[in-house]
Amino acid sequence: MLPYEPPGKFCIVSLGNTPDDVEERACSAVRSCFELNCEILCPEPRPEFALDVSRDQYNSLEILDWLESRFPRPDQWILGITNVDLAIPVLTFVFGEARLKGRSAVISVFRLREEFHGRPADTMVLLSRVEKEAIHEVGHMLGLTHCLDRNCVMYPSNSLAQTDVKSAKLCPGCRSNLPPWCSAEPSDPDRAGV
Amino acid sequence: MKPAVRIMVVDDEKIVRESLSVWLQKFGYEVVPVEGGQEALNLLDREEWNILLVDLKMPRIDGIEVLRKALDVKPGIPIIIFTAYATVETAVEAMRVGADDYLIKPIDPDILALKVQKIIEKQNLADENIMLREKIDAIYQFDEIIGNSESLQEVLEIVGSVAASDATVLITGESGTGKELIARAIHRNSTRRYKPFVAVSIGALPDTMVESELFGHDKGAFTGASHVHMGRFELADGGTLFLDEVGDMSPKVQVDLLRVLEEKACYRLGGDRKIHMDVRVIAATNKALKKSIEAGTFREDLYYRLNVVGIHLPPLRQRGDDVFLLAEYFLKKFCMKMNRKKEGFSPRVIEMFSRHKWPGNIRELENAIERAVVVGKGPLVQLQDMPFGGGQEPPEEKAAISLREVEKKHILQVLDETDWNVTRSANLLEIDRATLYNKIKNYGLSRPEDRR
C-alpha cells in the first residue's frame, strides 16, 4: 500500500492453462509501459477454490486473496492470468480485477477470445487485448483510476468494443499520476509487439 | 479541485457490498460500503452523497423503506435499487417511490457504469446550471440603469414591484429614453429571468412580415415559405416578449395581437395547430396612444390590454443631474471598449450637458460620447469633440417674430421643462394657473408626445 515502494519483484503467473504467448505478451507490456522488472513464474493450478457453482464463474476477489497468500512477500507484486470466467457477486463478469494501490491483480482471457463471441480464433487480437487488460490492471495496482480519455488504456472497458477501441498506452494525465519511481517513457508500440 | 463523487453501497452481504465498492473505487469515486438500512439513513443525514446503491432485500429495513426514508431526508437524491430477487411488483414499487433505477443482480458492468455515469453527468449539469444562474443574477440587476433623479427612481420603484407579477406593461417615453433597457430590467428581475427575452421592433418590420414574425408560419404558408418558421411569441415561450413601437401596428396586426393576448395561444400562418404559450408581454411606444385612439388608428381595447401597468420614462432633459452620471458611465464604457484614456469632461462640456435639450435623449448622449472618445485628443473631452459643432445649440430662428409668438414659445419651453406640471410652470412664469390654462388653450399648446 502507499506510500509506494517499487516492487522488489513483479511476477506473472498462469492459473491453469493459458493460450501460448499470453504470459510473455503481458510481461513485455508491463515492462515497456511501466519499466517494471517483470518475470514469469511456473504455472499454478486452475483456481477451483474460487468457483461459484451456481454461476459457473470464478470469484476474482477470492483469487486475489489466494495470490496474496500464495506469494506472501510484501515486496512481490503478482499478476495472475487465467482461462476461467471471472466475476464478482454483483456483476455478470469482469475482464480483470486488481487491488487499487495493492500488490495483486488477475486477468482472464476467457472473454477476450474471439471464439467466446462466436468468431474464429485470432491470436493477434487476443494478445492485443491481453496486453491492454494487463496494463490496465497493473495501472490500478499503481494507484491509477479509470480515465475519461477513450484512447487511454485506463478507460474502463466493460465490453470488448471498448477494449479494442482504446490504445495500449497511458494518456499524459494518467502517466503523470504514476508514482515518481515509475518514470517510464510512453511504450514503444513496436517493442510492445515483441 | 472538484470534490470526489461519493457513493454509498448498501447491502447486508459483506462480499457484495465490498466487491461492488472496490469495483466502483476504480472509477475514482469515493465509495463507502454500508451494512444495513438504518446505518445508511444515519450516514445519509450526516454526510453529503451523490448516489445510493441499495439492495432490495435486507433484514429489518428493506431497500424500498430505505428509498422512501432517504427521499424524505434528501429529496431528489439518486438511488439505484438492485436485487437478485426481481419481481414486477417490487420493480414497479421501487420506481413509484422514486428510485432512479432498478437493476437485477448480477448486473452487467457496462450498464451499471453507464447508469452511474449518467447520474453524475446530470448532477454536474445541474450544478453548472445553478452556477450560471447565480452569474446571471449577479450580472443583471439594475446596474445598467444609471441615475439618481427622482423621476427615474419612481420608474425603478414601479419596475421592482411589477417585475414579480405577470402583468402586461406598457412603457412610454420619447425615443432614446431606454425603454428596452427597462423592459430587460423587468424581465431580469422576474421569475422568468432564466427563460428567453425576445425583443421585436414592430415598427421596423414591413406590414406584410409582422404576422409571420410574431406568429411564425408553416411550410408552404405562402410563396417562399420553404420551411417552418417559429414566431417570436413561440420563441419567447416561458419568458418575456418585448414589442417595441406598438404604435405603428396596422389595424389587422392589432386585432391579431389582441386575440393572442386574450387566448394565450396563436396559429402559425398557414397552420391549423393552435400553439399555446406562456409569454409575458412588455410593449413600448414613443407615440401618444391615447391620441391614436381618438384618431381611430389604435384600438382602445388593445390599449387597455397592453397598459395594465404603465411606465412613463422621463426625457433626459427632465432628469436633472442624471445627464452627468450617464455621461461618466458612457465615457468609462467607451474608454474601456476602445482602450482610450480620458479623465473626464472640460468645464465647457459639462456646462453644455445641462444646456442642451437632448432631443435624442440617452441614445443621443451615448452616441455623442462615443464620438468624443473616438475623435478627441488629450485627457479631457473638449467641446469640439462633441457632435454639435463646437457645442452650439442649433441656431434659433433669427427672423423677427411677434411678441405673441415669443410668449407662446416661452410658455411651451417652461411647460416642457416641468414635464407639463401646470402649477410649477405658472409659478415660474409668475402668472396664476387659470391664466396659464387659458394661454395653453389659446395658443393650442400640447404635450411633446402629442405633437408628433
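The following exercises, with worked solutions, concern the sheets, helix contacts and backbone details of a predicted model with chains A and B.

**Exercise 1. The sheet of chain A**

Determine which strands form the open sheet of chain A, which of them stand at the edges, and which helix lies across β5, β7 and β8.

Solution.
- Step 1. The open sheet has 5 strands in the order β2-β1-β5-β8-β7, and their pairing is mixed.
- Step 2. The edge strands of chain A are β2 (38-40) and β7 (96-98), since each pairs on one side only.
- Step 3. From one strand to the next, the twist averages 20°.
- Step 4. Within the sheet, β1 (residues 9-15) and β5 (residues 76-82) of chain A run parallel and are joined by 7 bridges. In this region L15(A) is placed opposite T82(A) of β5(A).
- Step 5. The helix is α2 (residues 60-70) of chain A, which lies across β5, β7 and β8 (104-108) of that chain. Its direction makes an angle of about 130° with β8(A).

**Exercise 2. The parallel sheet of chain B**

Establish the strand order of the open sheet with parallel pairing in chain B, and explain what is left without a neighbour at its edges.

Solution.
- Step 1. This open sheet consists of 5 strands in the order β7-β10-β13-β6-β14.
- Step 2. At the edges stand β7 (197-201) and β14 (309-313) of chain B; each has a single partner strand, so one side of each lacks a neighbour in the sheet.
- Step 3. On average, and with direction ignored, neighbouring strands are turned by 20° against each other.
- Step 4. The parallel strands β6 (residues 169-173) and β13 (residues 280-285) of chain B are connected by 4 bridges. T172(B) stands opposite T285(B) in β13(B).
- Step 5. Helix α6 (residues 150-163) of chain B lies across β6 and β14, and runs at about 150° to β14(B).

**Exercise 3. The contact of α6(B) with α7(B)**

Describe how α6(B) crosses α7(B), and state which residues meet.

Solution.
- Step 1. The axis of α6(B) and that of α7 (residues 179-188) of chain B come within 8 Å and cross at roughly 40°.
- Step 2. The crossing of α6(B) and α7(B) is right-handed.
- Step 3. From α6(B), the residues V155(B), V159(B), V162(B) and A163(B) meet I182(B), A185(B) and I186(B) of α7(B).
- Step 4. By class, this contact has 7 nonpolar residues, no polar and no charged ones.

**Exercise 4. Two partners of α13(B)**

Characterise the packing of α13(B) against α15(B) and against α14(B), with the reasoning behind the orientation class in each case.

Solution.
- Step 1. Helices α13 (residues 322-338) and α15 (residues 361-375) of chain B pack at about 45°, and their axes are 9 Å apart.
- Step 2. Roughly parallel requires an angle under 35 degrees, and roughly perpendicular covers 65 to 115. The pair α13(B) and α15(B) is therefore oblique.
- Step 3. The crossing of α13(B) with α15(B) is right-handed.
- Step 4. Among the residues that make this contact are F330(B) and F334(B) of α13(B), and I369(B) and E370(B) of α15(B). The contact residues divide into 13 nonpolar, no polar and 2 charged.
- Step 5. For the second partner, the axes of α13(B) and α14 (residues 347-355) of chain B come within 9 Å and cross at roughly 125°.
- Step 6. Roughly antiparallel requires an angle over 145 degrees, and roughly perpendicular covers 65 to 115. Hence α13(B) and α14(B) are likewise oblique to each other.
- Step 7. α13(B) passes α14(B) in a right-handed crossing. V323(B), F324(B) and A327(B) of α13(B) meet I350(B), F353(B) and S354(B) of α14(B).
- Step 8. By class, this contact has 5 nonpolar residues, 1 polar and no charged ones.

**Exercise 5. The length of α16(B)**

Test whether the end-to-end distance of α16(B) agrees with, or departs from, the span expected at 1.5 Å a residue.

Solution.
- Step 1. Helix α16 of chain B covers residues 403-417, which is 15 residues.
- Step 2. The expected span is 1.5 Å times one less than the number of residues. For α16(B) this gives 21 Å.
- Step 3. The end C-alpha atoms of α16(B) are 21 Å apart, so the two values agree.
- Step 4. After α16(B) comes D419(B), with a positive phi near 55°.

**Exercise 6. Backbone details and the interface**

Locate the cis peptide bond before P106(B) and the positive phi of D56(A), then describe the contact between the chains.

Solution.
- Step 1. The cis peptide bond joins K105(B) to P106(B), with omega about -10°. P106(B) lies in the loop between β5 (101-104) and α5 (109-139) of chain B.
- Step 2. D56(A), a residue other than glycine, has a positive phi near 55°. Its place is the loop between β3 (51-52) and β4 (57-59) of chain A.
- Step 3. Between the chains, 15 residues of chain A are in contact with 16 residues of chain B. The side belonging to chain A has 9 nonpolar, 6 polar and no charged residues.

Definitions and conventions
Residues are numbered from 1 along each chain as its sequence is written. Chains are lettered from A and ligands numbered from 1 in the order in which they are written. This is a predicted model: local features need pLDDT of at least 70, side-chain atom pairs count only at pLDDT 80 or more; totals for chains, interfaces and linings use all residues. Two strands pair if DSSP finds at least two bridges between them. Helices (H or I, at least four residues) and strands (E, at least two) are DSSP runs, numbered from the N terminus. Axes are lines fitted to C-alpha atoms, for helices over the stretch in contact, and angles run from 0 to 180 degrees between N-to-C directions. Two residues are in contact if their C-beta atoms, placed from the backbone, lie within 7 Å. Ala, Val, Leu, Ile, Met, Phe, Trp, Tyr, Cys and Pro count as nonpolar, Asp, Glu, Lys and Arg as charged, and the others, Gly among them, as polar. A crossing is left-handed if the near helix is turned anticlockwise from the far one by less than a right angle, and right-handed if clockwise.
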